[in-house]
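Biologist: Hey, could you walk me through this one? I'm new to reading structures, so plain words please.

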Amino acid sequence: MRKTVITLLLIVAILLTTLPVYAASAITSTEEEDAVAYMPSQGAALPMGSTLATVTPADYVPMTASQKIVDLIKGWEGFTPTPVWDYAHYAIGYGTACGNTKEDVPEAYWDGITKEEAEVLLREELADMEASVNRFGQRNGYQFTQNQFDALLSFTYNLGASWMSGDNMLTRWLENPTTDVDFMNAFGRWCRVAGSVSRGICNRRVSEAKVFLYEDYDKTGDTDFSFLIFHGCGAQINGAYEDDVAYYMDGQPYGELPVPEREGYQFDGWFTAETGGEQIKETDIVTVKKTVYAHWSVKSSNEVPEPPVPPVEELPFQDVPKDAWYYNGVSYMYKAGLMAGAYPDQFAPNQELSRAMLIMILYRREDAPKVSESCTFADVTGEEYFADAVAWAQQNGIVYGSGDNKFNPNASITRQETFAILYRYCSGYLKLDCRPYGDLEQFVDLDQIHVYALNPMSWAVGAGIISGYGDSTVRPLGSTTRAEAAVMLANLDASLK
């Protein structure tokens with residue numbers, strides 16, 4: 001039985017004195033990046049809508065989070081009842097850090113917690129963040145308004161307090177406020193996850209900035225911002241990075257756009273697709289958030305390859321007609337020896353894929369490498385046909401289990417879980433560059449994607465592995481079928497060639 005909130009309060013008091021120091025947030029910006037950052041010229045002609053009150057340290061009034069920002073943080077973080085890996089550490093509930101390794105995580109957490117218990121943990125962690133933001137304000141003589149404090153608190157909860165200690169665009173703006181667009185860019189630069197610009201974090205930065213500037217907690221204000229995520233497609237456009245982001249006020253022209261350089265190539269402009277697409281011009285009016293790509297007069301080799309040509313031999317499966325949307329994918333996977341039928345003459349395309357099935361496919365793809373040790377999941381004994389595959393995946397960081405030291409091999413796998421595993425397989429095991437190039441804004445159910453799956457699903461869209469459904473959904477919480485898995489994995493192979 002789950003512990004009550006009252007019991008958890010006692011547990012929290014103990015944990016706060018015993019838990020290890022957690023790894024720093026994976027969400028970053030750098031002073032070096034600030035030094036070479038492109039800044040939109042748009043802001044110079046626009047007014048400033050927010051100011052900072054100044055006080056002496058002795059007169060500073062400490063502040064606490066409003067319920068409005070607590071509710072927004074809960075929405076941004078999403079609720080996970082059991083610990084999940086969150087780039088730099090394990091997290092539970094509404095993004096509360098709970099351990100650098102699985103061994104650090106309190107044993108009771110693997111049994112799951114309720115939303116009420118999660119909010120208790122959230123508020124405990126927010127109390128530490130409140131103290132940090134208050135110390136920063138008092139030390140620098142800033143008396144924040146409630147909305148300004150709330151925005152900086154959410155910002156700090158998301159990425160830690162490191163931004164307060166350095167000379168960066170945000171601390172310089174707070175010291176000498178200029179325009180709202182300048183603030184949006186200084187604030188929004190903290191958006192990299194594992195070195196790449198995260199569209200999901202950019203969206204959060206916009207919402208937080210609107211709270212800071214306009215007290216707009218519910219997105220009903222008259223002023224909004226959009227952003228462009230730039231991909232150099234072979235050129236560095238921001239120091240050591242091939243991607244960058246810039247924010248613009250809606251309803252205004254973009255103004256001057258960055259001009260990257262690439263030895264031996266002529267820059268042709270920014271376009272909404274790696275090949276083809278619509279060109280973005282300085283005189284265009286800002287209306288929506290977009291990902292844009294540098295085009296060069298000499299084509300790069302980074303184009304997504306054509307899908308594999310299906311074998312001409314007939315399949316033995318009666319339930320895979322040649323005009324089925326999944327025929328090519330099933331044909332490719334069957335001939336490659338990566339997927340077999342559920343029965344000799346049936347592929348069972350609509351059957352839900354299990355977690356063990358997906359790992360077996362990846363294991364076969366790597367020619368079933370030998371494993372030296374069994375996996376540590378309690379529900380994989382070592383006798384199952386998939387035992388070596390699961391051990392290989394666990395030992396290589398491709399799977400972490402589903403909580404309570406279990407793998408749940410026979411459970412259906414959701415679409416977002418599928419792409420999280422494929423993302424770890426490609427980026428971690430194969431050491432490939434899996435930057436999140438795809439535009440998830442096109443899907444009406446974007447808000448259902450958990451934060452851990454944002455980059456994996458963005459990568460899958462950008463790599464041409466998935467394109468969504470006809471009703472403009474991507475259905476992250478839906479189960480992956482065998483037919484969908486065949487097409488996804490065939491497309492994955494195509495993207496890697």
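**A chat about the model**

Modeller: Let's start at a turn: helix H11 (residues 387-395) is followed by Gly397, whose phi is positive, near 70 degrees. Helices (H or I, at least four residues) and strands (E, at least two) are DSSP runs, numbered from the N terminus.

Biologist: What kind of model is this, and which atoms do side-chain values use?

Modeller: This is a predicted model, where local features need pLDDT of at least 70 and side-chain atom pairs count only at pLDDT 80 or more, while totals for chains, interfaces and linings use all residues. Residues are numbered from 1 along each chain as its sequence is written, and side-chain values use heavy atoms, with hydrogens and water left out.

Biologist: Back to H11. How many of its residues are buried?

Modeller: Seven of the nine are buried, so H11 is largely enclosed by the rest of the structure. Buried means under 20% relative accessible area, exposed is over 50%, and partly exposed is in between (1.4 Å probe, protein chains only). The buried ones are Ala387, Ala389, Val390, Ala391, Trp392, Ala393 and Gln394.

Biologist: What covers them?

Modeller: The cover includes helix H10 (355-365) and helix H12. Cover is judged by contact, which is heavy atoms within 4.5 Å.

Biologist: Pick a residue in H12 for me. Is Thr418 buried or exposed?

Modeller: Thr418 sits in H12, and at 2% relative accessibility it counts as buried. If you skip its neighbours within four places in sequence, Thr418 is in contact with Leu358, Ile413, Thr480 and Met488.

Biologist: Zooming out, how many helices and strands are there?

Modeller: The protein chain has 14 helices and 13 strands. Of its 497 residues, 52% are buried. Residues 24 or more positions apart account for 71% of the contacts with a separation of 6 or more.

Biologist: OK, helix H3 (residues 67-77). Which of its residues are buried?

Modeller: In H3 those are Ile69, Val70, Ile73, Lys74 and Glu77. Looking down the axis of H3, they fall within an arc of 145 degrees, so they line one face of the helix. That arc is taken from the directions from the helix axis to the C-beta atoms.

Biologist: Why do residues a few places apart point the same way in a helix?

Modeller: An α-helix has 3.6 residues a turn, so residues three or four places apart point the same way.

Biologist: And what covers the buried residues of H3?

Modeller: Among the cover are helices H4, H5 (146-159), H8 (199-214) and H13 (451-462). Just after H3, Gly78 takes a positive phi of about 75 degrees.

Biologist: How far apart are the ends of H4?

Modeller: The end C-alpha atoms of H4 (residues 115-140) are 37 Å apart, which agrees with the 38 Å that its 26 residues should span at 1.5 Å a residue. The expected span is 1.5 Å times one less than the number of residues. Just after H4, Gly141 takes a positive phi of about 75 degrees.

Biologist: Now the loop between H5 and helix H6 (169-175). Is Trp163 buried or exposed?

Modeller: Trp163 is in that loop and is buried, with a relative accessible area of 0%. Trp163 and Trp190 are 27 residues apart in sequence and 8.8 Å apart in space, C-alpha to C-alpha. Ala161 is in the loop too, but Ala161 is partly exposed, at 32%.

Biologist: Any holes? How much space lies in the second largest pocket?

Modeller: About 650 Å³. On a 1 Å grid over the protein atoms alone, a pocket is an open set of points with protein on both sides within 12 Å along at least five of seven lines, a cavity is a set where a 1.4 Å probe fits but cannot get out, and lining residues have an atom within 4 Å of a point. Points are joined across faces, edges and corners, and a volume is the space filled by probe spheres set on the points.

Biologist: Which residues are closest to the centre of that pocket?

Modeller: Of the 26 residues lining the second largest pocket, Val84, Gly401, Ser402, Glu417 and Tyr452 are the closest to its centre. Strand E3 (80-85) and H12 (415-429) are the elements giving two or more residues to the lining, and E3 gives the most, with six.

Biologist: And how many cavities are there?

Modeller: The count comes to four cavities of 30 Å³ or more. The second largest has a volume of about 60 Å³. Val84 shows up again there: with Ala91, Gly95, His450 and Val451, Val84 lies nearest the centre, among 11 lining residues.
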